[in-house]
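Open your viewer and get ready for a short walk from one stop to the next. At each stop, you will find what to select and what to look for.

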There are 2 protein chains.
Amino acid sequence: MLDLRPVGYVIGLLTAVLGVTMIIPMAVDLAYANGHWQAFGQSALITGLGGGFMALACANGVQRRLSLQQTFLLATGVWMVLPLFGALPFYFGATGARVVDAVFEAMSGLTTTGATVFIGLDDFPAGLLLWRSMLQWFGGVGIIVVAMVFLPELRVGGMQIFRSEGFDTGGKVLPRAAQIAAQIMAIYVALTIACGLAYVAVGMTGFEAVNHAMTTIATGGFSTSDASFGLFQGAPEYVSSFFMVVAALPFVRYVQLVAGSARPLWQDAQVRGFLWTLAVLIAVIWAYRVFVRADSILHALREAVFNVTSIITGTGYASADYQLWGPFSIVLFFFIGLIGGCAGSTCCSVKIFRYQLLIAAVSAQIRRIHSPNGVFAPRYAGQPVTDEVLSSVMSFLGLFVVSLGLIAVSLALTGLDFTTSISGAATAIANIGPGLGEIIGPAGNFAAINDLAKWILTGAMLLGRLELLVVLVLFLPRFWRA
Amino acid sequence: MLDLRPVGYVIGLLTAVLGVTMIIPMAVDLAYANGHWQAFGQSALITGLGGGFMALACANGVQRRLSLQQTFLLATGVWMVLPLFGALPFYFGATGARVVDAVFEAMSGLTTTGATVFIGLDDFPAGLLLWRSMLQWFGGVGIIVVAMVFLPELRVGGMQIFRSEGFDTGGKVLPRAAQIAAQIMAIYVALTIACGLAYVAVGMTGFEAVNHAMTTIATGGFSTSDASFGLFQGAPEYVSSFFMVVAALPFVRYVQLVAGSARPLWQDAQVRGFLWTLAVLIAVIWAYRVFVRADSILHALREAVFNVTSIITGTGYASADYQLWGPFSIVLFFFIGLIGGCAGSTCCSVKIFRYQLLIAAVSAQIRRIHSPNGVFAPRYAGQPVTDEVLSSVMSFLGLFVVSLGLIAVSLALTGLDFTTSISGAATAIANIGPGLGEIIGPAGNFAAINDLAKWILTGAMLLGRLELLVVLVLFLPRFWRA
Ligand SMILES: [K+]
Ligand SMILES: [K+]
């Protein structure tokens, strides 16, 4: 019998902490004297007590080691339970949201997706806007820890190639997680402060800067305005682009950088691959805008830099409706969203290292053409790639495409059109934010779609955020066997 | 220096044979006394002489063995040269087609894609209709031979798992190809005749039966009418479905069946996987039509059987515009097209065995959860799958998605909309035929799209038909190094 108590204990603790953090937006709403603080009071009470009781109830089963089964359950459990409690302020608060909308928004926050069902953000109580940003900020740091500690351990999606990077836990996932989390958290906080100060320097108000700094470093994409980044044209777009790129690189390199070693960052195969890809895509979109669409050089450059960075990192801010840039941009942006940033960052989607492994596999095959009897293992970052890694990367790619297809088909079954179904499935599973089309496009909003579709998308965000297999194994009877 | 003569010799011979076969439609047009026979006379002369001279010019370099480089060049060369000559009757004939349209149609024929740029098929000279069907029929048998002899040898896309099935050539590709081709050809002819007789039995004219029998067994999808299979509602749809399924199974099993052994067919993992997938999809579409769209039980069953079979086998006949069945059907049919039939048949697309290998890889990963220190190789059809196979299947899946994306982006750059670009790329690379949307949907036609898009699609058909890598390696400088 699978012992659920160690899992429940950690989830309970994290839930209780989430409840405590609700005091921050409560204080903000108290300071603004808008009466909205009570929604946070209620939510904090329920969340804090709920989490506390869960932890207490499970405390007698705490172990130093988690089995692999328990580790899988923990990762999925955290992202299933926390959104339910994180949704309470939307349910009790000024939005008076129905359950489906509140949970969608909280899941979109904690998975750093950034799709929103709310309209009229500009008039929201400050505390509620802050809460949305905080959800993304928590989700961002949470996923870095998961990607660096849990996924290599679970050998999911090829992430085990990052085990050798000093993050081998020797099975002691929890103590190691705490240690790594502390280092990462310090860097995460420092980057957020730097980003916020930079935003203030280019003209944002303090409140806007705090919120956007949190959702930038989390590559989350929630904004304080219905117009998203449309309010902050010009210098803020460059500042934002810089920090989105920073947030898309592997955070372990920053730990090493702080320890005095810059070389691992510059020589990281993912970092190089990501920056090159980004540069090429910006150049392509920029050239298209200047030479085909006759836009001015600087305006086109700014919009290309910001929007390409926003979509490839999966942040999902929009400063312009790129659907108006012609079909080429629309289709290109769709596929840019399927690239993603580096593993070990806050980014989601397929991620750059999987494309690099793909290139390595193709390259190994081509070498075999010239030497049919030679043995050529694909190599990544100078190391041969084991067949176990290849097999799990293949699982990831296959599951990604198949899941995307099934989600799109399910969305279509609820009545959404082809473009909305396909792009909605992609934006949810890749945790980007905006889709395509009039409804959920960069100028649109998820408010108008039906409830069933919202639930499907909520599930898709969870699935994508946890690299698919972490969630999918839970549906297999074989997983539950002792 | 790569010796191109053995490659040129085979291509020349095949071209000369293609020229000789043009005498058949010429004879038909002579019999109908419509004066159109001269177009075939000219084409036959140019093709026969062109091929003959090419073979002669290369005859002094003929070898018994081809190097891997030469084998790659041969496969791609055949599908690049033959469509150019096969296009001549469209250029000289009643269609008076421009070069781009003639080549598109011939490529669509020889790759068994079945997308057409011609409107008014019902009034075409009989010889020209027959020529379109013949192109698909040649392409179909050609691809079976390539899939059974060349691809396992080239170790492309995981096809090497079929090497053990009695098709190991020991490097002597050409003599073995001739032997296999003879057996396959006999079965191919027999199936075509059976299909044609069945079509006559359910009411087609002799001419319609001959044409549709050829394009059914080739899973090609060209028809003799603009209405495609809309003219043959009822029993012909069931007959057609049966033979499309037959054409989608591995032809090597028929060779064994004729030799008296039926077990390999029934026990083939691909066959079982394909038939189950087909049955489930038919049931889903049928249930949707009956329960959600309130269609009658038998009408819904017939349309579900025919259209699902047509798309999953990549045949691409349309008996109804399934775009009118609601968004669920549209999105589902899009993804059904990405499944495909069995390797070693006339089908294209991703193919069922790659999904089975994917499931095997996922399954191996899940077994590791319970026994973290165990070694679990994915297994296919009872055999462990080598890492070389996994690596090349991964290359295929990755290249398929990336190519589809790049083709879609290129199509969008020519001005096509999102749905047309994405579905056009998919239908071309998977050699299905119809796309989605008003322009290229099942009720549409490729005549209206721009020339650049037609060239891109022509390239995409070639790329998809040869499992991507066979064509793509030719673009690598490394391939050409001695
Ligand atoms: K996002
Ligand atoms: K076809």
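Before the first selection, one definition helps: a donor here is an N, O or S atom within 2.8 Å of the metal, or within 3.2 Å for Na, K and Ca. Keep in mind that the model you are looking at is predicted.

**Stop 1: the potassium ion**

Select ligand 2, the potassium ion, and show the protein donors around it: B:Thr112, B:Thr113, B:Thr219, B:Gly220, B:Gly314, B:Thr315, B:Asn431 and B:Ile432, each through its O atom. These donors lie 2.3 to 3.1 Å from the ion. Along the chain, they follow the spacing T-T-x105-T-G-x93-G-T-x115-N-I. Now pick out B:Thr219 and B:Ile432, a pair that links distant parts of the chain, 213 residues apart. B:Thr219 sits in the loop between α9 (206–217) and α10 (235–247) of chain B, while B:Ile432 is in the loop between α18 (418–429) and α19 (437–440). Both B:Thr219 and B:Ile432 are buried.

**Stop 2: B:Thr315**

Stay with the donors and select B:Thr315, in the loop between α14 (297–312) and α15 (327–336) of chain B. How much relative accessible area does B:Thr315 have? The value is 0%, so B:Thr315 counts as buried. Show its side chain together with that of B:Thr313, and you will find a polar contact of 2.7 Å joining the two. Leaving aside residues up to four places away in sequence, B:Thr315 touches several others, including B:Thr215, B:Met244 and B:Ser310, as well as B:Thr113, B:Thr219, B:Gly220 and B:Ile432.

**Stop 3: the cysteines**

Next, colour the cysteines. How many disulfides are there over all chains? The count is zero. Start with B:Cys195: the closest cysteine sulfur, in B:Cys347, is 14 Å from its own sulfur, too far for a bond. B:Cys195 is buried, at 0% relative accessibility. Then move to B:Cys348, which is in no disulfide either, the nearest cysteine sulfur being that of B:Cys347, 8.7 Å away. B:Cys348 is buried too, with a relative accessible area of 6%.

**Stop 4: the whole of chain A**

Zoom out and select chain A, where you can trace 22 helices and two strands. Its C-alpha trace spans about 75 × 65 × 55 Å along the principal axes. The radius of gyration of chain A is 22 Å, which agrees with the value near 23 Å for a compact globule of 482 residues. Buried residues make up 65% of the chain. To finish, turn on the surface: chain A exposes about 16800 Å², with carbon and sulfur atoms supplying 68% of it.

Note on methods:
Residues are numbered from 1 along each chain as its sequence is written. Chains are lettered from A and ligands numbered from 1 in the order in which they are written. This is a predicted model: local features need pLDDT of at least 70, side-chain atom pairs count only at pLDDT 80 or more; totals for chains, interfaces and linings use all residues. Side-chain values use heavy atoms; hydrogens and water are left out. Helices (H or I, at least four residues) and strands (E, at least two) are DSSP runs, numbered from the N terminus. Buried means under 20% relative accessible area, exposed over 50%, partly exposed in between (1.4 Å probe, protein chains only). A polar contact is a pair of N or O atoms within 3.5 Å; within protein, one must be able to donate a hydrogen and the other to accept it, and residues adjacent in sequence count only if both atoms are side-chain atoms. Contact means heavy atoms within 4.5 Å. The radius of gyration is taken over C-alpha atoms; the globule rule is 2.2 Å times the number of residues to the power 0.38. Accessible areas come from the Shrake-Rupley method with a 1.4 Å probe; for residues, only the protein chains shown count as cover. A disulfide is a pair of cysteine sulfur atoms within 2.5 Å.
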